[in-house]
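Reader: Before we look at how the helices pack, I would like each descriptive term to be set against the rule behind it. Could you begin with the handedness of a crossing?

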Amino acid sequence: MKKESANPLGTLPVNTLLRQFTVPAVISMVVTAVYNIVDQIFIGHGIGPAANASTTVAFPLVISIMAVALLFGIGSAIFIGTRLGEGRHDLAEKALQSVTGVLIVLSAIITVAGLIFIEPVVRFFGADEQILTYSIQYTSVILCGSLFNMMTIVLDKILRVDGAPKVAMFSIMAGVSINTVLDPLFIFVFQMGVSGAALATIFSQFISAACMFVYLQKKGSLHVRLRGLFRPDFDTVRKVAYLGLSSFILQIGALIVQVVMNRSLMYYGALTPEVGGVIALAGMGVIMKFYIVIISVCVGIGVGAQPIISFNNGARRYDRVRETIRKTIFLTTVVTFTGWLLVETVPGLVIRLFDNRAGVFYLFSKRAIRIFLAMAFTVGPQIACSQYYQAMGKPLISAFLSVLRQILVLLPAILILPLIFGLDGILFSGPLSEMVSGTVCFLLFRKEWKQLNERIRNNEQEI
């Protein structure tokens, strides 16, 4: 029996729901992205570009951890939201039990394997002798906190679909506030260098995850029960992973691109004496961290809309689905256009946030951010459409859009364009990727929009 009337996702106005769900989701996503940015700001001001480059080297590892977390986090949120829309609370809770147990095992495997092969891993990610020590120090500590990182991401998604988005938001805000306090304390007072920055990050993630877990156990409608924790239902896990597949592929694509980009920046930067490999790597790291904040706002809007879309899809309220995605596309477009306008008009403000010293780093980064993000205003609608396909139970289409942007266009561009334009070729790869993927996304979603309107007409005829 459906319980649509008992759930505000099926009754409250869409504007109200979007405000209630997207604002906490945006703050949660942005604050999560800020974890690494805070490290990079303090490291850049306190130690310098070489140490800053080590955080860029560690970033592919962070992406790997996030890929696993989003595979199960977004997948479980969509699965649970749909089941709650159908009135199947038992299946929703079974998914929570299974996902939690699987994540504990996977995080242990990632941590142990990563620590054993730490040096070849950071070398593969782009570290050379100049930044090898910094990279090992920072990355090894981040590895030890992989469980806390994963659980922060997953529980954030679970709490939102369980009707407590503000709890998730404040939990993550508490973590990043602690990180901001501990970073200068560990780096400057205790003189722990990059290891201190990483330690501050994993401790703050532990605090965020612990706050969300305690709330879920005490006040949530869904609970993690020890009895079923390590006896997962693998059929449920498979369904959850299927729904989160596009987010996983997006992150794996970002991982591959980041590794190739790191190595290319070091190589072509070294062939450009006025810049150098370390400066190119550190500068692009700053650009990508800023871009991730913009993308995180859009993902937060999309993720906040997903419970509304998935619930009303399960309840066959397609008119509410259409209204939600239309407004989501508008909001994400506004965000990416604003970010694009900022980097094209006052790029120096962004660069000085990470390093306010005049010199090669500042000059290269200021020019590079304008070129690489020249088409960034097209990304918002792409993210909104990708999240929509996930929420509607069409992860393969969402995955295709992710693969197109990251693997099919951006990756070849990073490999080919520098052969013609040198270091600038890496910068030109950004706008080329956004232009191609944005065009394809528009053509695909135009067809989806027509199908959605057809479902709405069929429902009206049945009534």
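Author: A crossing is left-handed if the near helix is turned anticlockwise from the far one by less than a right angle, and right-handed if clockwise. In this predicted model, α6 passes α7 in a left-handed crossing, whereas the crossing of α11 and α12 is right-handed.

Reader: What makes α6 roughly antiparallel to α7?

Author: The axes of α6 (residues 146-161) and α7 (residues 165-189) come within 7 Å and cross at roughly 155°. Angles over 145 degrees count as roughly antiparallel, and therefore α6 is described as roughly antiparallel to α7.

Reader: Which residues of α6 and α7 meet, and how do they divide by class?

Author: T152, D156, L159 and R160 in α6 meet P165, V167, A168 and I172 in α7. The residues of this contact comprise 5 nonpolar, 1 polar and 2 charged.

Reader: Why is α11 called oblique to α12?

Author: Helix α11 (residues 245-270) packs with helix α12 (residues 277-314) at an angle of about 140°, their axes being 7 Å apart. Because that angle is neither over 145 degrees nor within 65 to 115 nor under 35, α11 is oblique to α12. Their contact, to which M261 and L265 of α11 and L281 and M284 of α12 are among the contributors, has 9 nonpolar, 4 polar and no charged residues.

Reader: Which residues touch the most other members of the largest nonpolar core?

Author: Of its 118 residues, F72 and L373 do, and helix α2 (residues 49-85) gives the most to this core, with 19 residues.

How values were computed: Residues are numbered from 1 along each chain as its sequence is written. This is a predicted model: local features need pLDDT of at least 70, side-chain atom pairs count only at pLDDT 80 or more; totals for chains, interfaces and linings use all residues. Side-chain values use heavy atoms; hydrogens and water are left out. Axes are lines fitted to C-alpha atoms, for helices over the stretch in contact, and angles run from 0 to 180 degrees between N-to-C directions. Helices (H or I, at least four residues) and strands (E, at least two) are DSSP runs, numbered from the N terminus. Contact means heavy atoms within 4.5 Å. Ala, Val, Leu, Ile, Met, Phe, Trp, Tyr, Cys and Pro count as nonpolar, Asp, Glu, Lys and Arg as charged, and the others, Gly among them, as polar. A nonpolar core is a set of buried Ala, Val, Leu, Ile, Met, Phe, Trp, Tyr and Cys residues joined through side-chain atoms within 4.5 Å. Buried means under 20% relative accessible area, exposed over 50%, partly exposed in between (1.4 Å probe, protein chains only).
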